[in-house]
Structure formats: C-alpha cells, structure tokens
Amino acid sequence: MSGEESARLARALIEFREAEGISERELARRTWLSEATIRTFERDRGELPTPTVARSFEEVLGWAPGSIKTTPSETMGRDPSADSAMDLE
C-alpha cells in the first residue's frame, strides 16, 4: 500500500469512529475484525489488508468494493490438487 493509500485508510477509520462516537471495540464488532486489526490500520503501519479485511472496512465506511488495495490472495499460485490431497489425509 502506498503511503498515501495507507494514510487515506487510517484517516477514514479514525474519522468514521469520531463521527459515529464509537470505540475501537465497537468498530471491531461492526467489521467482525479484532481490535488489534483496527489499531494496526488506524496507526497507518503501511501494510496491505487482506481482501477480507478490506471488504469489511469498505462495507462499514460505505466505500465501493475494491476501493482499498489488498494483499494478493494467499491461495493464488497454490496448486489446487495440494488442497485436495490435504483433505484426503
């Protein structure tokens, strides 16, 4: 995530919490994320959120799906047959 995108997300989360008058705990409840995850992104650590985290933030913030850049999917590049083999064990 570029510094600008990271700062944009951090500001949006903080502004949303302030506008709603809610705590980190309440934002975590609304997004189904942990308070630690909320703190990580509010402190603008520059990490790309996973697609699941990004979708939760977009939903709560009212942003269009896909408007927050995410990490590549963890399953991308994995051999689907490897997953099937693990299921059989």
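Select E26 to begin: at a relative accessible area of 21%, this residue counts as partly exposed, because the buried class ends under 20%. Everything on this tour belongs to a predicted model, so each distance and angle quoted is computed from predicted coordinates.

**Around E26 in helix α2**

With E26 still highlighted, add R30, whose side chain forms a salt bridge with E26, the closest N and O atoms lying 3.1 Å apart. Both residues belong to helix α2 and stand 4 residues apart, which is about one turn of that helix. An α-helix has 3.6 residues a turn, so residues three or four places apart point the same way. R30, like its partner, falls in the partly exposed class, in its case at 32% relative accessibility.

**From α2 across to α3**

Next select R39 together with E24, whose side chains meet in a salt bridge with an N to O distance of 3.0 Å. Because R39 lies in helix α3 and E24 in helix α2 (residues 24-31), this pair ties together parts that are 15 residues apart in sequence. The two ends of the bridge can be coloured by accessibility: E24 is buried, with a relative accessible area of 18%, whereas R39 is partly exposed at 28%.

Keep R39 on screen and add E35, with which R39 forms a further salt bridge, here with the closest N and O atoms 3.9 Å apart. R39 and E35 are separated by about one helical turn, being 4 residues apart in helix α3, and E35 is partly exposed, with a relative accessible area of 27%. Salt bridges that share partners also join E20, E26, R29 and R30 into one network, so selecting these four residues together brings the opening pair back into view, R30 being bridged to E26. For the structure as a whole, the count comes to 9 salt bridges.

Now show α2 and α3 as cartoons with their axes drawn: the helices pack at an angle of about 105°, with the axes 8 Å apart, and they are therefore roughly perpendicular to each other. To display the contact itself, select E24, R25, L27, A28 and T31 on the α2 side, which meet E35, I38, R39 and E42 on the α3 side.

**The loop between α2 and α3**

Move to W32, which lies in the loop between these two helices. What is unusual to look for in its backbone is a positive phi of about 65°, although W32 is not a glycine. The residue is exposed, with a relative accessible area of 80%.

**The aromatic pair and helix α4**

How many aromatic pairs does the structure hold? There is 1 aromatic pair, and selecting F41 and F57 displays it: the ring centres are 5.7 Å apart and the planes stand at 75°, so the pair is edge-to-face. The pair links distant parts of the chain, with F41 in helix α3 (residues 35-42) and F57 in helix α4 (residues 51-61), 16 residues apart. Are these two rings carried by buried or exposed residues? F41 counts as buried at 9% relative accessibility, and F57 is buried too, with a relative accessible area of 1%.

Extending the selection along α4 adds further buried positions, since V53, A54, S56, F57, E58, V60 and L61 are buried in this helix. The cover over the buried residues of α4 includes α1 (3-20), α2 and α3.

To see how α2 takes part, draw the axes of α2 and α4, which come within 9 Å and cross at roughly 105°; these helices are therefore roughly perpendicular to each other. The contact is made by L27, R30 and T31 of α2 with S56, F57 and V60 of α4. R30, already selected for its salt bridge with E26, thus reappears among the contact residues of α2, and F57 of the aromatic pair reappears among those of α4.

**Past the end of α4**

Follow the chain beyond α4 to G62, whose phi is positive, near 80°. As a last stop, select W63 together with R8: the charged end of R8 sits over the ring of W63, 4.2 Å from the centre of that ring.

Technical notes
Residues are numbered from 1 along each chain as its sequence is written. This is a predicted model: local features need pLDDT of at least 70, side-chain atom pairs count only at pLDDT 80 or more; totals for chains, interfaces and linings use all residues. Side-chain values use heavy atoms; hydrogens and water are left out. Rings of Phe, Tyr and Trp (its six-membered ring) pair if their centres lie within 6.5 Å; planes under 30 degrees apart count as stacked, over 60 as edge-to-face and the rest as tilted. Buried means under 20% relative accessible area, exposed over 50%, partly exposed in between (1.4 Å probe, protein chains only). A charge sits over a ring if NZ of Lys or CZ of Arg is within 6 Å of the ring centre and within 35 degrees of the ring normal. Axes are lines fitted to C-alpha atoms, for helices over the stretch in contact, and angles run from 0 to 180 degrees between N-to-C directions. Angles under 35 degrees count as roughly parallel, over 145 as roughly antiparallel, 65 to 115 as roughly perpendicular and the rest as oblique. Contact means heavy atoms within 4.5 Å.
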